[in-house]
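Got your viewer open? Let's take a walk through this fold together, one selection at a time.

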Amino acid sequence: FDRKDDEEISKTARIIREQVDRASGITQKLLSFARQRPPQLCPLSLHEFLEKFLETMEEQFASQKIRIEKKFADVPLPFLGDEEQLEEVFVNLARNAIHAMPRGGHFTITTRKKAERAEVSLTDTGCGIPPENLSKIFVPFFTTKSRGTGLGLSIVHGIVKNHGGTLSVASHVGKGTTFTLSFPLKKEEVL
């Protein structure tokens, strides 16, 4: 073998490794979608959960020049949730926001108490979702990404629904997108 052969072998090995990783990721998403297990509900503080989530995503936002802004309600927002499943929800929504802002931008998290529910809105200043795609984004296998599976938002929607929650989206092309999640407050804490 000469040096050119070594470079070609290295390039081929790298491509194979990337495709295996991609296939593994798709398989994991398919499994997650297929076996959506019931949530293991535990008492959570929405604000503490979001602080921890933001800490795990901080580096990814910073590397994409995305500024995080928190607008948290002045009241505690206790609810029952499966921390692992909810982390999947918020990471998925955050990654979508990062993809929508390739040149940087702002990511705002707003919480509020609305009736007997804890509400959180995630707003990005990204490219937005065209109106013709807005009604399809939660449909399994719908994607506009060349390397996407179309399962992320379907899984997100299922997890939120299994928590007794709701998920809505508002988007303006060229201005950004807001996902709003609402969960029942923990009953004994409702004022």
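In which loop does Ala115 lie? Select Ala115 and follow the chain both ways: this residue belongs to the loop between β4 and β5. Keep in mind as you click around that you're looking at a predicted model. Ala115 has a phi near 55°, a positive value in a residue other than glycine. Here's the background: most residues other than glycine have a negative phi. Ala115 is also exposed, because its relative accessible area is 68%, and the cut-off for exposed is over 50%.

**Zoom out: the whole chain**

Now colour by secondary structure. The protein chain has 5 helices and 7 strands. Trace them along the sequence and you get the pattern α-β-α-β-β-α-β-β-α-α-β-β. Of the 191 residues in the chain, 38% are buried. If you take contacts between residues at least 6 apart in sequence, 74% of them join residues at least 24 apart.

**Select the sheet**

Next, pick out β2, β4, β5, β7 and β6. In that order, these 5 strands form an open sheet with mixed pairing. Look at the two edges: β2 (66-71) and β6 (166-172) each have a single partner strand, so one side of each is left without a neighbour in the sheet. On average, neighbouring strands here are turned by 15° against each other, direction ignored.

Start at the β2 edge. β2 and strand β4 (residues 105-114) run parallel, joined by 6 bridges. To see one of these pairings, select Arg67, whose bridge partner in β4 is His106.

Just before β2, click on Lys65, in the loop between α2 and β2. Lys65 is another residue other than glycine with a positive phi, near 60°. With a relative accessible area of 66%, Lys65 is exposed.

**Across to β7 and β6**

Move over to β5 and β7, which run antiparallel and are joined by 8 bridges. Select Ser121 and look for Thr180, its bridge partner in β7. Then show the surface around β7: 7 of its 9 residues are buried, so β7 is largely enclosed by the rest of the structure.

On to β6, which runs antiparallel to β7 with 7 bridges between the two. Ala170 stands opposite Thr178 in β7. β6 and β7 make a hairpin with 3 residues between them, and Gly174 in the turn has a positive phi of about 85°.

**Stop at Glu119**

Select Glu119, in strand β5 (residues 117-124). Is Glu119 buried or exposed? Glu119 counts as buried because its relative accessibility is 11%, and the cut-off for buried is under 20%. Now show side chains: Glu119 makes a polar contact with the side chain of Arg112, at 2.7 Å. Leaving aside neighbours within four places in sequence, the residues in contact with Glu119 include Leu46, Lys114, Leu181 and Ser182.

While you're here, select Lys113 in strand β4. At 33% relative accessibility, Lys113 counts as partly exposed. Draw a distance from its C-alpha atom to that of Ser182: the two residues are 69 apart along the chain, but these atoms are separated by 9.3 Å.

**Two helices to finish**

Show helix α2 (residues 46-63), which lies across β2, β4 and β5 and runs at about 175° to β4. Then pick helix α3 (residues 83-100): its 18 residues reach 26 Å from first C-alpha to last, close to the 26 Å expected. At its N-terminal end, Asp82 acts as a cap, with a side-chain oxygen 3.2 Å from the backbone nitrogen of Glu84. The buried residues of α3 include Leu86, Val89, Phe90 and Ala94.

What sits in the largest nonpolar core? There are 36 residues, and Phe53, Phe90, Phe107 and Leu181 touch the most other members. α2, α3, β4, β5, α5 (152-162) and β7 (176-184) each supply at least two residues, while α3 gives the largest share, 8 residues.

For your last click, choose Phe53. Beyond its neighbours within four places in sequence, Phe53 is in contact with Phe90, Val91, Ala94 and Ile109.

Note on methods:
Residues numbered from 1 in each chain as written. Predicted model: local features only at pLDDT ≥ 70, side-chain atom pairs only at ≥ 80, totals over all residues. Heavy atoms only, no water. Helix = DSSP H or I, 4+ residues; strand = E, 2+ residues; numbered from the N terminus. Buried < 20%, exposed > 50% of the residue type's maximum accessible area, 1.4 Å probe, protein only. Polar contact = N/O pair within 3.5 Å; in protein donor to acceptor, adjacent residues only side chain to side chain. Contact = heavy atoms within 4.5 Å. Expected span 1.5 Å × (residues − 1). Pairing = 2+ DSSP bridges. Axes fitted to C-alpha atoms, helices over the stretch in contact; angles between N-to-C directions. Core = buried A, V, L, I, M, F, W, Y, C linked by side-chain atoms within 4.5 Å.
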